[in-house]
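Biologist: Could you take me through one part of this model slowly, as you would for someone in their first year? I would like to start from a single residue and then look at the strands that follow.

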Amino acid sequence: MSEPKTPPAPAAAGGRASTKKELPEHFKAYKHVWVYIEQERGQVHPVSWELMGEGRKLADKLGVELGAVVLGAEGETVRGAVAEAFCYGADIAYVVADPVLTDYRNEAYTSAMTDLVNTYKPEILLLGATTLGRDLAGAVATTLLTGLTADSTELDVDTDGSLAATRPTFGGSLLCTIYTLNYRPQMATVRPRVMSMPIRVEKPVGRVIEHKLGVVEDDIITKILSFLPDRDSNKANLAYADVVVAGGMGLGSPENFQLVRQLAQAMGAEFGCSRPLVQKGWVSSDRQIGQTGKTIRPRLYIAAGISGAIQHRVGVEGADLIVAINTDKNAPIFDFAHVGIVTDAVRFLPLLTEAFSKRLSAHSRDKLAS
Ligand SMILES: Cc1cc2nc3c(=O)[nH]c(=O)nc-3n(C[C@H](O)[C@H](O)[C@H](O)COP(=O)(O)OP(=O)(O)OC[C@H]3O[C@@H](n4cnc5c(N)ncnc54)[C@H](O)[C@@H]3O)c2cc1C
């Protein structure tokens, strides 16, 4: 007979109260919320302004300042980004302007950002979850040995003033809230269009802190030899489109997916799809909408033959008006669509295309006549 097993130790009390530790003394001086203003080739990525809106809310809750971090070569672009940052709510701008920062390179930008953090000590640092932002955020977090919550979908501060960064987990079936309790700054990235665009207010003044870059060109291993713009000039701009038409497995074939493209064309819209269509090779991956694709916030979203699985829903629920076409009246998409049409999308889409073509061309004719 085997010995009776020792009963397992009682589980620790749940919730984060049991995990909260005292913030180490040297982190207590960390204050203020920072947003990295991402720019490439003279253009600020709009996700930076979306994050300024969130940063402003967090800073106001904490009663601290909102700082904008602008890195780049000295000149008009940096000055323009700083001026815009004030219009989007920054109290202060931290600027590192140096020719070494002309183009994004991980080593130089990580050095500039970590140096700023170590000098001015922000408690929260937000970056866009773009290709550049993800690259920079990971390097900065590992260099500073702090926590980073990637692809956050909600940001808040709890009663202790800790950043509560929420993001999908377990394939999008659950949401988890992640804290960085014992390290500073608390870092998070957010994908474009997940947060709404704040209102731009003309506010030309704000404080600017200029900081010197701590590295020189010889310290940087990566060299930019030339710049080749993206070959595909028709690259989808789904994230920022006003009208999006998308199709899912309910369309049944790649040929039927053309009906989505035709409607999008008639409406001057972008087109997108659910993930299985990309997996089947019917549509290219830059058209995928959802948790592992693009997040969109159009004024109008038309979903044809899409069931509305949670992983798709998280990418579209910021749309102002969602119209769903599905043969199954119990499809989950009808739980969050504003307008539901229970019908066969393969038959209905051509009728919509025809109606929009007539209506829009008549409207265009009216405009020309007036
Ligand atoms: C980790 C992970 C990440 C994921 N990321 C994404 C993501 O980013 N984006 C995404 O979309 N999915 C994602 N998915 C997949 C997701 O779970 C669903 O499987 C997917 O969204 C389903 O696609 P669908 O609605 O096109 O197909 P289905 O679920 O097969 O639904 C087809 C729908 O069409 C309807 N239909 C059938 N015939 C017609 C007709 N003739 N006319 C009208 N309606 C019709 C059906 O009633 C049904 O509701 C992810 C899954 C995982 C596990």
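**A buried arginine and the sheet that follows**

Modeller: Happy to! Let's start with R287, which has a relative accessible area of 10% and is therefore buried, since the cut-off for that word is under 20%. Please keep in mind that this is a predicted model. Where does R287 sit? Look in the loop between α6 (275-279) and β15. Now find L277: R287 and L277 are 10 residues apart along the chain, and their C-alpha atoms are separated by 9.6 Å.

Let's follow that loop to β15, which belongs to an open sheet of 5 strands. The order across the sheet is β14-β13-β15-β16-β17, and the pairing is parallel. Which strands stand at the edges? They are β14 (270-273) and β17 (339-342); each has a single partner strand, so one side of each is left without a neighbour in the sheet. On average, neighbouring strands here are turned by 15° against each other, direction ignored.

Next, go strand by strand. β15 covers residues 300-304, runs parallel to β16 and is joined to it by 5 bridges. One pair to click on is A303, which stands opposite A324 in β16. How does the chain get from β15 to β16? It passes through helix α7 (residues 310-316), and this β-α-β crossover is right-handed.

β16 itself spans residues 321-326. Is β16 mostly covered or mostly open? Mostly covered: 5 of its 6 residues are buried. On its way to the edge of the sheet, we meet the pairing of β16 with β17, which is parallel and has 4 bridges. Two residue pairs help you to see how these strands line up. V323 stands opposite V339 in β17, and N326 has V342 of β17 as its bridge partner. As you look along a strand, remember that in a regular strand the side chains alternate between the two faces of the sheet.

For another kind of packing, turn to two helices elsewhere in the chain. Helix α3 (residues 106-120) and helix α4 (residues 131-144) pack at an angle of about 50°, with their axes 9 Å apart. That angle makes α3 oblique to α4, and their crossing is right-handed. Among the residues making the contact are Y109, M113 and V117 of α3, together with L136, A139 and V140 of α4.

Note on methods:
Residues are numbered from 1 along each chain as its sequence is written. This is a predicted model: local features need pLDDT of at least 70, side-chain atom pairs count only at pLDDT 80 or more; totals for chains, interfaces and linings use all residues. Side-chain values use heavy atoms; hydrogens and water are left out. Two strands pair if DSSP finds at least two bridges between them. Axes are lines fitted to C-alpha atoms, for helices over the stretch in contact, and angles run from 0 to 180 degrees between N-to-C directions. Buried means under 20% relative accessible area, exposed over 50%, partly exposed in between (1.4 Å probe, protein chains only). A crossover is right-handed if, with the strands pointing away from the viewer, the path from the first strand over the helix to the second runs clockwise. Angles under 35 degrees count as roughly parallel, over 145 as roughly antiparallel, 65 to 115 as roughly perpendicular and the rest as oblique. A crossing is left-handed if the near helix is turned anticlockwise from the far one by less than a right angle, and right-handed if clockwise. Contact means heavy atoms within 4.5 Å.
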